[in-house]
Amino acid sequence: MSTAARLVAWVADTHARSLAHPFVRGVADGTLPEAEFERWLVADHLFVVEFRRFLAAVLALAPDEDHRDVLAGGLAALTPELALFRRELAARGLPAATDAAAAPSPVCLAYTSFLRAAPLDGYAVALAVLHGVEHAYLDVWRSVRAEAVAAASPYRAFVENWSSDGFAGYVAELARLLGDAEPTAAQHQAQARVAALELAFWDAG
Ligand code: MP5
């Protein structure tokens with residue numbers, strides 16, 4: 001079993017609670033209250049702004065061109081993703097999370113601070129965090145895809161962003177980079193924190 005598969009299996013229980021979360025189910029069946037979506041939109045924009053800085057730090061630690069090619073692809077994909085966030089925020093008259101007036105929740109700050117600190121624990125931990133974060137979103141948004149498309153969800157641009165074959169291919173590449181060794185204790189701990197923060201983010205991101 002790959003390192004990535006072992007790490008995903010390690011947090012299966014917590015991840016199952018993210019999959020069953022009312023926010024996620026509400027996106028799938030179209031019953032999510034608009035205000036809930038807007039709360040997430042502002043919070044996740046801040047998350048992605050900080051995530052890009054985290055990813056740049058991981059790229060700087062990468063050991064070779066193979067790793068740098070994969071990570072640079074992920075970095076490039078964040079330009080259109082951040083443009084989507086800015087468009088959707090502007091269309092709804094919501095503040096960008098980068099505005100001085102925006103006040104991120106404690107959970108959002110906890111998650112982004114954890115990300116920004118992860119590279120200090122070295123490349124193997126930072127790569128596990130990166131894969132854990134991306135795998136969580138791939139799996140959650142894939143789980144809502146069929147229903148959300150059938151229900152002509154207003155959120156389909158976001159559903160598409162994290163459930164596309166291109167994104168799945170990127171997550172598979174990250175898993176390949178993690179290799180096949182037994183995860184270290186530090187990677188297990190980091191993966192558990194990612195899963196817990198993902199779950200908390202659906203509640204209070
Ligand atoms: C992601 C995200 C995926 N946007 N928000 C949370 C809370 N977790 C994971 O990261 P990215 O950079 O949008 O692919």
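Here is a walk through the ligand site of this structure and the empty spaces in the protein. Keep in mind that the model is a predicted one.

Let's start at the ligand. There are 13 residues around it, and Asp 44, Phe 51, Glu 81, Glu 134 and Glu 198 come nearest. Three of those acidic side chains are worth zooming in on. Asp 44 puts a polar side-chain atom 2.7 Å from a ligand nitrogen, and Glu 198 does likewise with a nitrogen atom of the ligand at 2.6 Å. Glu 81 has an oxygen atom of the ligand as its partner, with 2.4 Å between that atom and a polar side-chain atom. As for cover, the ligand on its own has 360 Å² of accessible area, and the protein covers 100% of it.

Where do the shell residues come from? Helices α4 (34-61), α5 (65-91), α7 (123-150) and α10 (185-204) each bring at least two of them, and α4 gives the most, with 4 residues. By class, the shell splits into 9 nonpolar and 4 charged residues, with no polar ones.

Now take the ligand away in your mind and look at the space. What the ligand fills is the largest pocket, which holds about 190 Å³. Its lining runs to 16 residues, and Leu 78, Glu 81, Glu 134, Trp 162 and Phe 167 lie nearest the centre. Glu 81 and Glu 134 are thus names you have already met at the ligand. At least two lining residues apiece come from α4, α5, α7, α8 (156-163) and α9 (165-178). The lining has 10 nonpolar, 2 polar and 4 charged residues.

Between α7 and α8 there is a loop, and Ala 152 sits in it. Have a look at its backbone: phi of Ala 152 is near 50°, a positive value in a residue that isn't glycine.

On to the cavities. Searching the whole structure turns up 2 of them at 30 Å³ or more. The largest cavity has about 110 Å³ of space and 14 lining residues, with Val 11, His 15, Ala 136, Gln 191 and Ala 195 nearest its centre. Helices α2 (12-19), α7 and α10 each supply at least two of the lining residues, and α10 has the largest share, at 5. Here the classes come out as 7 nonpolar, 6 polar and 1 charged.

The second largest cavity holds about 40 Å³. Its lining consists of Asp 44, Phe 47, Tyr 111, Tyr 137, Glu 198 and Phe 201, with α4 and α10 as the elements that give two or more residues. Asp 44 and Glu 198 bring us back to the ligand, since both are among the residues that come nearest to it.

Notes: Residues numbered from 1 in each chain as written. Predicted model: local features only at pLDDT ≥ 70, side-chain atom pairs only at ≥ 80, totals over all residues. Heavy atoms only, no water. Near = heavy atom within 4 Å. Polar contact = N/O pair within 3.5 Å; in protein donor to acceptor, adjacent residues only side chain to side chain. Areas by Shrake-Rupley, 256 points an atom, 1.4 Å probe, with all protein chains shown as cover. 1 Å grid on protein atoms, 1.4 Å probe; cavity = no way out; pocket = protein on both sides within 12 Å on 5 of 7 lines; lining within 4 Å. Sits in = over half its atoms within 2 Å of the grid points. Nonpolar A, V, L, I, M, F, W, Y, C, P; charged D, E, K, R; others polar. Points joined across faces, edges and corners; volume = space filled by probe spheres on them.
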